[in-house]
Structures are given as structure tokens and as C-alpha cells.
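Here are my notes on this one, written as numbered points. Have the picture open while you read.

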Amino acid sequence: HNLATQLQDAHRACADSASRYEEAQLALQQLRQELAAIAKRNANRCDELRSEADTHMASLQQAHSGRDVLHAELREYQALCREWEERHHSSSRDSSEKFGSL
């Protein structure tokens, strides 16, 4: 009788243990699924951020090349201004010399 009770207790403990093991397995599976979902969201967010960064980089490069074009145009304009000033200055000097000799 005592042996039968011990056997029943052992059987019950074994069943409890198996039940806890199954619960732990389910919890673990749930955690794995949640982690996979989080990883997927993170990967998607990384892709979005990478795409945004690429877009910003492209507009930055456009701005840089636009700035380079403007600098070139500005240098050209400054050269024309210098040229005009030199011509204007020398022609006004020439005319003052002509009028001064009269």
C-alpha cells in the first residue's frame, strides 16, 4: 500500500513536471515569435532609415553641385565686373588725358 502511494505520488509529480515543461515550451515559443516580430519591425525600420538617409544624401549632393555651379557663375560675374571696371577706369583716364591736353 505504501509503495502504491509512493508510485502515485511519483506519477503525479511526473505529470506536474511534464505539464510545467509544456507550459514553459509554449511560453518559449511565444517569446520566440515576439522576438521574431520585433526583429522584423527593426529590420523594416532600418530599411526605412537607410532609405531616408540615401534620400538626404542625394539632396545634399544636389545642393553641393548646385553650390559649385553658383560659385563658378559668381567667379565668372566677378571677372566680368573687374574687366568692366578696368575698361571703364582706363577709358575715363584716357578721356581725361585727352581733355586735359586741350
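1. Which side chain does Asp68 meet in a salt bridge? The partner is Arg67, with N and O 3.5 Å apart. Asp68 counts as partly exposed at 42% relative accessibility, and Arg67 is partly exposed too, at 40%. Elsewhere, salt bridges with shared partners tie Arg45, Glu48 and Glu52 into one network.

2. Keep in mind that this is a predicted model. Its secondary structure is quick to list: one helix and zero strands.

3. Now for the overall form. The C-alpha trace of the protein chain spans about 150 × 15 × 10 Å along its principal axes. A compact globule of 102 residues would have a radius of gyration near 13 Å, yet this chain has 43 Å.

4. What about burial? Buried residues come to 0% of the 102 in the protein chain. About 9500 Å² of the chain is exposed, and 57% of that comes from carbon and sulfur atoms.

5. On to charge: the protein chain carries 13 positive and 17 negative side chains. The centres of those two sets lie 1 Å apart.

6. The structure has six salt bridges. One of them pairs Asp9 with Arg12, whose closest N and O atoms are 2.8 Å apart. These two sit three residues apart in helix H1 (residues 2–101), so about one helical turn separates them. Asp9 is partly exposed at 39% relative accessibility, and Arg12 is partly exposed at 48%.

7. Back to that network for a moment: Arg45 and Glu52 meet in a salt bridge at 3.9 Å, N to O. Arg45 is partly exposed, with a relative accessible area of 40%, and Glu52 is partly exposed at 39%.

Methods
Residues numbered from 1 in each chain as written. Predicted model: local features only at pLDDT ≥ 70, side-chain atom pairs only at ≥ 80, totals over all residues. Heavy atoms only, no water. Helix = DSSP H or I, 4+ residues; strand = E, 2+ residues; numbered from the N terminus. Rg over C-alpha atoms; globule rule 2.2 N^0.38 Å. Buried < 20%, exposed > 50% of the residue type's maximum accessible area, 1.4 Å probe, protein only. Areas by Shrake-Rupley, 256 points an atom, 1.4 Å probe, with all protein chains shown as cover. Lys, Arg positive; Asp, Glu negative; His and termini not counted. Charge placed at Lys NZ, Arg CZ, Asp CG, Glu CD. Salt bridge = Lys/Arg side-chain N within 4 Å of Asp/Glu carboxyl O.
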